[in-house]
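User: I'm new to reading protein structures, and I'd like a close look at one part of this one. Could you pick a spot, start from there and talk me through what surrounds it?

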Amino acid sequence: MIRKERSKIPVKTLLLGQGTCCISAGAEQVYTALKREIAQLGMADSVQVKRTGLCHGFCQLDPVVIIEPEGLLYSEVKVDDVPEIARSFLPGERLVERLFYHSPVTGEAIPRYRDIAFYQRQQRTVLKNCGYIDPEEIDDYLTNGGYQALRQVLLEMTPEQVIKQVKDSGLRGLGGAGFPTGRKWESCYQAAENEKYVVCNADEGDPGAFQDRSILEGDPHSVLEGMIIAGYAVGAAQGYIYVRAEYPLAVKRLRSAIVQAREEGFLGEDIFGSGFGFDIEIFPGAGAFVCGESTALVLSIEGKRGMPKPLPRPRTTEVGLWNKPTLLNNVKTFAAIRWIINKGADWFSSIGTKKSKGTAIFSLTGKTVNCGLIEVPMGITLREIIFGIGGGIPDNKKFKAVQTGGPSGGVLPESLLDTAIDFDSLTAAGSMMGSGGMVVVDEETCMVDLARYFLDFTQKESCGQCSLCRLGSLQMLEILTAITKGEGRMADIDLLIELGEGIKIGSLCGLGQSAPNPVLSTIRYFRAEYEAHILMQQCPAKRCKALISYYIVPDKCTGCTACQRQCPVNAITGDRKKIHVIDQNKCTRCGICLSVCPERFSAVESVPGRLVSGD
Amino acid sequence: MERVRDILTGYTGKRHELVPILQEIQTELGYLPEEALVMIATFTGIPESEAFAIATFYSQFRLTPTGRNRVMVCRGTACHVKGAPQILEEIENYLNIKEGETTPDLEFTLESVACIGCCALAPCIMVNNKDVHGRLTPKRVRGIFSDSKGKEQDTS
């Protein structure tokens, strides 16, 4: 393998993230243009333009250019900005101030990314290299301490010592369930079989979560290194990565990482001359949410329908893939291993809370000013995340709830914002850590609709073998749909609770056991909103089409006919320069009139409840 | 079916190769024709019903042909709260098909997907499993399609 010449040390390094989000925002074009422009100005030796696997997680500002060593950040860079950026590195030229991030609060420019609130409260550990290294260059990983942990493990430690170190660190499965990782490793280690497997669960199926994808795109070798160490610890020679087919870039980078790791001798026979051999294959999942469950995932790799095994089922660590003991961990868990080996168990367990050690990685999205991938110490409060890192709710809207854990989790209202989050506190509040999705919603989100949305998802993804999950979730979905259409009855709320509790008890796997969570938690914290739908025939958030109306404010309407011309059902009357009126009987509440009314008039309003013509 | 035979020569016929085989054949043909499923079943030594059961269990597999362009609307949570239903509706109106359908000229297939993991750019869509368009509004949706659809079919 040809190594890059490192004789000339660049004075400046420009980092450009090339993750899925970044690329969709145009990062590839900016990279090419920047590289060309710098070369044309004859600065290719002093200014290095470097591709990294990801941006720094502040996905919303993509494409982002980071300038090291100063740590300056240019946001939302366009190809047109490139010549100016390139010229700014010529002697005597000034920085491109207009591209700095501007505080949404004060409006002032913040040149250094470390000073931006989004980064200030984060503690980047597992994500440390994401956004700094080129995932397709193993050399880059190596110069950042890569495979040092593997070397140490293979040459200086016994499997028992590795397991002890993982146990002592207090690491819990970051896939969401929070099972102590060290104990899992130990149980697989103790299983009396010669043939064992290590499987990485990268079937990140939760809508609203993208941290596994980000790690695979940004730092794939850290996952491989964690898996190889795990293989040594439990006594396995073969690993599989079960990754979603919907993540094409992650699959591509994993493939190239595996090839490079084989070339360098980190995968294959006799790694580091230790006598230990290990190899990894990728298994692209074919799209089934239930395959995140361990027994279903194993069946899926075997080429069968991914349906969780019936109870009583042996642990996967004892009877897993091809009936052999199998260690199954999440992407983030494997990615954390090298740091625990490098920096020690004590260092890791010094971060976090009493029972949840280390950091948590969340995909912070929805209605926050700042969205992106974040890593925070366990024990931070929701308020610090949403209002500190996330910068609060945009457009002066009011915070309503935060949904964690995807379709298996629940919603948490404002009163719980000061809860210190870890595995246990979230479960106690009726939600869960889950895959780490964190979706913030404001007053414009209808909680009944949100519950219906999640149930629609889990209902479709139910594998169908447990009657309660298959039929009960359908029943719940029908009731919720009726409520959003204004056809609910008050007794429905209790019926939903009864059904939900039944499904939790009567389902074999985590999918069914947690599917009712979004419904139960919205009823628990937002019962009044359900009641408004049923009793008042109103959707307070103005989301449920059947329970809202559009109305033209006579004082504001100038009679421009914009809405009248666009109305698909001709429900709007009124000529040019005459006040327009919506015929509520004809109106289908498509909302086109609201979107086409010129902003300077803003004459169309949506109101909760059904108006009758004449209102 | 010559192409299916070619693909099968790259495998040994073991049971665990089933899903990768189905994936490769679908990538090649765009869908899984009945004939191909029968051949795969024979090749891997499983009943045809079993091959059909696998192909229908996983949402990635399709038993009907798709259009030249596959449009996947993300229905993830972040997209949902930021207006994915309106985006889907807009595309449905524009292409004049419903979710899961293909335009009569086989140009577009419209699907929805649980989440493409670009939640910070919500709402977003993915075209042909590679191009992600984010921060969409119904207006921008029309722009994307009129760019790719060609002028003669542009109805806007």
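Analyst: **From a helix end to a set of strands**

Just after helix H6 of chain B, Asn96(B) takes a positive phi of about 60°. Keep in mind that the model is predicted. Now step back along the helix itself, which covers residues 84-95. Its 12 residues should span 16 Å at 1.5 Å a residue, and the end C-alpha atoms are indeed 16 Å apart, so the two values agree. Plenty of H6(B) is tucked away: Ala84(B), Ile87(B), Leu88(B), Glu90(B), Ile91(B), Glu92(B), Tyr94(B) and Leu95(B) are buried. As for the chain around this helix, the domain assignment splits chain B into domain 1 (2-57) and domain 2 (69-153). Taken over C-alpha atoms, the centres of these two domains of chain B are 29 Å apart.

Let's hop over to chain A and its strand E8, residues 238-244. All 7 of the 7 residues in E8(A) are buried, so the strand is largely enclosed by the rest of the structure. In a regular strand, side chains alternate between the two faces of the sheet. Here Gln238(A), Tyr240(A), Tyr242(A) and Arg244(A) point one way from E8(A), while Gly239(A), Ile241(A) and Val243(A) point the other way.

What pairs with E8(A)? One partner is strand E7 of chain A (residues 197-202), which runs parallel to E8(A) and is joined to it by 6 bridges. There, Tyr197(A) stands opposite Gln238(A). Another partner is strand E9 of chain A, also in the parallel sense, over 7 bridges. In that pairing, Tyr242(A) has Phe283(A) as its bridge partner.

E9(A) spans residues 279-285, and 5 of its 7 residues are buried, so E9(A) too is largely enclosed by the rest of the structure. Finally, add helix H11 of chain A (residues 248-263) to the picture: E8(A), H11(A) and E9(A) make a right-handed β-α-β unit.

How values were computed:
Residues are numbered from 1 along each chain as its sequence is written. Chains are lettered from A and ligands numbered from 1 in the order in which they are written. This is a predicted model: local features need pLDDT of at least 70, side-chain atom pairs count only at pLDDT 80 or more; totals for chains, interfaces and linings use all residues. Side-chain values use heavy atoms; hydrogens and water are left out. Buried means under 20% relative accessible area, exposed over 50%, partly exposed in between (1.4 Å probe, protein chains only). Helices (H or I, at least four residues) and strands (E, at least two) are DSSP runs, numbered from the N terminus. Two strands pair if DSSP finds at least two bridges between them. A crossover is right-handed if, with the strands pointing away from the viewer, the path from the first strand over the helix to the second runs clockwise. The expected span of a helix is 1.5 Å times one less than its number of residues. Domain bounds come from an automatic or database domain assignment.
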